[in-house]
Amino acid sequence: MSTDTQTPAPTAVDFWFDPSCPWAWMTSRWVDEVAVLRNLDITWHVMSLAVLNEDQDVSEEYRAFFPRALRYTRLVAAAQEEFGQAIVKPLYDALGTQIHPGESTDPDTVIAQALAEVGLPPEFAEHSLSDAYDPQMRASHFDGIGRVGQDVGTPVIAVNGVAFFGPVISPAPIGDEAARLWDGVVAVAAYPGFFEIKRSRTVGPIFN
């Protein structure tokens with residue numbers, strides 16, 4: 001009798017992020033941890049806080065942040081279009097490491113270092129200042145936000161087609177705790193009548 005067992009198919013996960021969002025960064029670190037413990041097939045997608053809020057009444061301070069954020073989203077969108085899906089996560093990691101734990105607010109420096117890290121030429125930085133790939137970037141954004149509604153933000157996660165905003169976490173759990181949180185979030189989100197669970201944040205992003 002054969003003792004061969006068939007490996008279960010991986011869980012399809014889609015993750016939408018704005019490289020500038022510290023909360024998306026925290027959640028992405030958690031998902032990276034979960035991917036070590038669960039069989040996940042993750043596709044990473046760009047979304048944009050600037051696009052999300054372009055018609056919203058936000059503070060001048062927050063609006064002043066959008067041009068910088070838009071440069072990063074445009075860069076990722078251009079890289080995906082020209083080099084394929086495989087470049088998206090490495091470029092996000094390279095950008096986010098400098099933006100979040102690195103606390104860099106100079107987009108020229110962040111972009112130059114990120115491009116060097118992932119092996120793209122320095123002149124590719126010009127795409128961060130171009131709207132050439134805005135249609136693709138906006139399509140990716142609205143694909144994600146359209147699954148959860150306009151009144152949320154980044155990140156958006158879809159698990160086997162069931163989408164939700166967040167979770168917003170700090171710090172990102174590791175090990176079994178990360179896996180337990182994943183299982184709970186996926187279970188809650190899978191219930192058709194579930195829409196929201198929330199409490200006030202008492203800490204900011206804690207980067208490990």
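## Elements and overall fold

In this report, a strand is a DSSP run of E with at least two residues and a helix is a run of H or I with at least four, both numbered from the N terminus. By this definition, Asn 160 is placed in the loop between β3 and β4. The structure is a predicted model.

The protein contains seven helices and four strands. Their order along the sequence is β-α-β-α-α-α-α-α-β-β-α. Two strands thus stand next to each other in this pattern just ahead of the final helix.

## Size, packing and surface

The radius of gyration of the protein is 18 Å, which agrees with the value near 17 Å that a compact globule of 208 residues would have. Along the principal axes, the C-alpha atoms fill a box of roughly 60 × 40 × 30 Å. Of the 208 residues, 43% are buried. Among contacts with a separation of 6 or more, 74% join residues that are 24 or more positions apart.

The accessible surface amounts to about 11,200 Å², and carbon and sulfur atoms contribute 52% of this area. The protein carries 13 positive and 28 negative charges, and the mean positions of these two groups are 6 Å apart.

## Helix α1 and its surroundings

Helix α1 comprises 16 residues, numbered 22-37. From its first C-alpha to its last it reaches 24 Å, close to the 22 Å expected at 1.5 Å a residue.

Several residues of α1 are buried, including the tryptophans Trp 23, Trp 25 and Trp 30. Ala 24, Met 26, Thr 27 and Ser 28 are buried as well, as are Val 31 and Val 34. The elements that cover the buried residues of α1 include three strands, namely β1 (11-17), β2 (40-46) and β3 (156-159). The cover also includes the helices α4 (88-99) and α7 (175-190).

## Cis peptide bonds

Two peptide bonds that lead into a proline deserve mention. The bond from Thr 154 to Pro 155 is cis, with omega near 10 degrees. Pro 155 is found in the loop that runs between α6 (134-145) and β3.

The bond from Ser 170 to Pro 171 is also cis, and its omega is near -5 degrees. Pro 171 has its place in the loop between β4 (162-165) and α7.

## Positive phi angles

Glu 103 is not a glycine, yet it has a positive phi of about 60 degrees. This residue is in the loop between α4 and α5 (107-118). Exposed means over 50% relative accessible area; Glu 103 therefore counts as exposed, at 64% relative accessibility.

Asn 160, likewise a residue other than glycine, has a positive phi near 50 degrees. Asn 160 is exposed because its relative accessible area is 55%.

## Asp 143 in helix α6

Asp 143 is part of helix α6. Partly exposed residues fall between the limits of 20% and 50%, so Asp 143, with a relative accessible area of 34%, is partly exposed. Asp 143 and Ala 132 are separated by 11 residues in sequence. In space, their C-alpha atoms are 19 Å apart.

Methods: Residues numbered from 1 in each chain as written. Predicted model: local features only at pLDDT ≥ 70, side-chain atom pairs only at ≥ 80, totals over all residues. Heavy atoms only, no water. Rg over C-alpha atoms; globule rule 2.2 N^0.38 Å. Buried < 20%, exposed > 50% of the residue type's maximum accessible area, 1.4 Å probe, protein only. Contact = heavy atoms within 4.5 Å. Areas by Shrake-Rupley, 256 points an atom, 1.4 Å probe, with all protein chains shown as cover. Lys, Arg positive; Asp, Glu negative; His and termini not counted. Charge placed at Lys NZ, Arg CZ, Asp CG, Glu CD. Expected span 1.5 Å × (residues − 1).
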